[in-house]
Amino acid sequence: MHFFKYKNNELFAEDVPVKKLAEKYGTPLYVYSHATLLRHFMAYDDAFDGYPHIICFAAKANSNMAILRLFAKNGGGADIVSGGELFTALKAGIPSKKIVYAGVGKTDDEIRFALRSKILMFNVESEDELKRINELAGKMKTKAPIALRINPDIDPETHPYISTGLKKHKFGIPIDDAVEHYKTASRLRNISVIGIHKHIGSQITKVSPFVDALKRILILLDELDGQGVNIRYLDIGGGLGISYKNEEPPVPKDLAKSLLPLLKKRKLTLIMEPGRSIAGNAGILVTKTLYLKECEDKEFIIVDAGMNDLMRPSLYNAYHRILPLKKGRRTETFADVVGPICESGDFLAKERELPKVRQGEYLAVMSAGAYGFSMSSNYNSRPRPAEVMVKGREDFLIRERETYKTLIDGEKIPEFLK
Ligand SMILES: *Cc1c(COP(=O)(O)O)cnc(C)c1O
């Protein structure tokens, strides 16, 4: 469910015509719906109501401060994977005690920053990392709260690039070695073992991988309990899918219905790390048609948004619905929607059936709220798009469009070349 709808054949973001936003802010432009973000966040909160829980939004899906602030104001936390995300989350007002920190390659500086900030816990992904955190915490005369990220060897049945919980992946600690690693962790003087973590992949469209993974984790929890390792936080990661095309993924309520019965009688605080399922369908990328190009057996719609603005089609061959802002009776054609970047891999859609588009016409690339702006780059020296949040009839600029000046910020010509 989202609030990008046609009214009288015109596409609206909540109560604002998208065309008005494109004209006001220019394109390419990311537009987010406040009501959709809130609704998706609350869907988790309501579904798990009655069981202690923290919803730690995965900042890598969308790290705009206004969006993080919205979740913070509604009791949310953050799942972070870098020092930069920690910095942004704190600036956005996320309480440090609601921040969990994953990632296979945390640097010393990042670990120290997280220790100083007193985050809820580190989701540790290897024994080397565990020992490093212990050393650094010792030097800072503090104790690091940790969970081990367990790789439960469950196939989430999603795209290989966004699947993370199989034995062959770089993420986490193999479940078979978990007890041993927990014992090691418990013996370390500056480590305080408080949790267990897993995250098996993204865009998962079934409940069963979540159930199977949790069952494995719970067996492990009992084993740890027998060994005197006390776990208080159970972090089940993120990964719930969304509908890009015609997928019918479960909603948080379905997840709760299957998972909560397994957790009854256990005194745990549940942590969830949804990213895509909250932000994905809460954002669109608006782009302008620059040129139409008809070749012998191919048609191209050349737009002003490229793979640097929305990388998912190029990176994962991901499908994003593309809609005209004005619906009407038009002949349908098949075309490739491509950007201005000098790469053949620069496309937003391939062989897509679309109403015949006019030069200068705006198009909306749907489901672009997660892994859209956050994956964007300046490739081809292109300033990154502006971001706008719509709330009812109002619109708010939440990130300025970059300028040519920001492109060269920090660059220096050495003396000998002057
Ligand atoms: C990416 C990631 C998430 C979020 O995944 P979604 O599919 O966007 O819900 C959660 N936890 C970790 C550790 C991640 O790396």
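**Exercise 1. Locate Pro28 and describe the peptide bond before it.**

Step 1. Pro28 sits in the loop between α1 (18-25) and β4. Helices (H or I, at least four residues) and strands (E, at least two) are DSSP runs, numbered from the N terminus.
Step 2. The bond from Thr27 to Pro28 is cis, and its omega is near -10°.
Step 3. Most peptide bonds are trans, and most residues other than glycine have a negative phi.

The model is predicted: local features need pLDDT of at least 70, side-chain atom pairs count only at pLDDT 80 or more, and totals for chains, interfaces and linings use all residues. Residues are numbered from 1 along each chain as its sequence is written, and side-chain values use heavy atoms, without hydrogens and water.

**Exercise 2. State where Asn8 lies and give its phi.**

Step 1. Look in the loop between β1 (4-7) and β2 (10-13); Asn8 lies there.
Step 2. Phi of Asn8 is near 50°, a positive value in a residue other than glycine.

**Exercise 3. Classify the aromatic pair of Tyr30 and Phe373.**

Step 1. Apply the cut-offs. Rings of Phe, Tyr and Trp (its six-membered ring) pair if their centres lie within 6.5 Å; planes under 30 degrees apart are stacked, over 60 edge-to-face, the rest tilted.
Step 2. The centres of Tyr30 and Phe373 are 5.9 Å apart and the planes make 80°, so the pair is edge-to-face.
Step 3. Place the partners. Tyr30 belongs to strand β4 (residues 29-33). Phe373 is in the loop between β19 (362-365) and β20, 343 residues away.
Step 4. The structure holds five aromatic pairs, this one among them.

**Exercise 4. Describe the contact between domain 1 and domain 2.**

Step 1. Set the bounds, which come from an automatic or database domain assignment. Domain 1 covers 4-31 + 280-407; domain 2 covers 34-277.
Step 2. Count the residues in contact (heavy atoms within 4.5 Å). Domain 1 gives 22 and domain 2 gives 21.
Step 3. Take the buried area (accessible area, 1.4 Å probe, that two parts lose on being put together, summed over both). The domains bury about 2000 Å² between them, 56% of it on carbon and sulfur atoms.
Step 4. Name the main contributors. In domain 1, Tyr316, Tyr371 and Met389 lose the most area to domain 2, together 28% of what that side buries.
Step 5. Check for salt bridges (side-chain nitrogen of Lys or Arg within 4 Å of a carboxyl oxygen of Asp or Glu). The count between the domains is zero.
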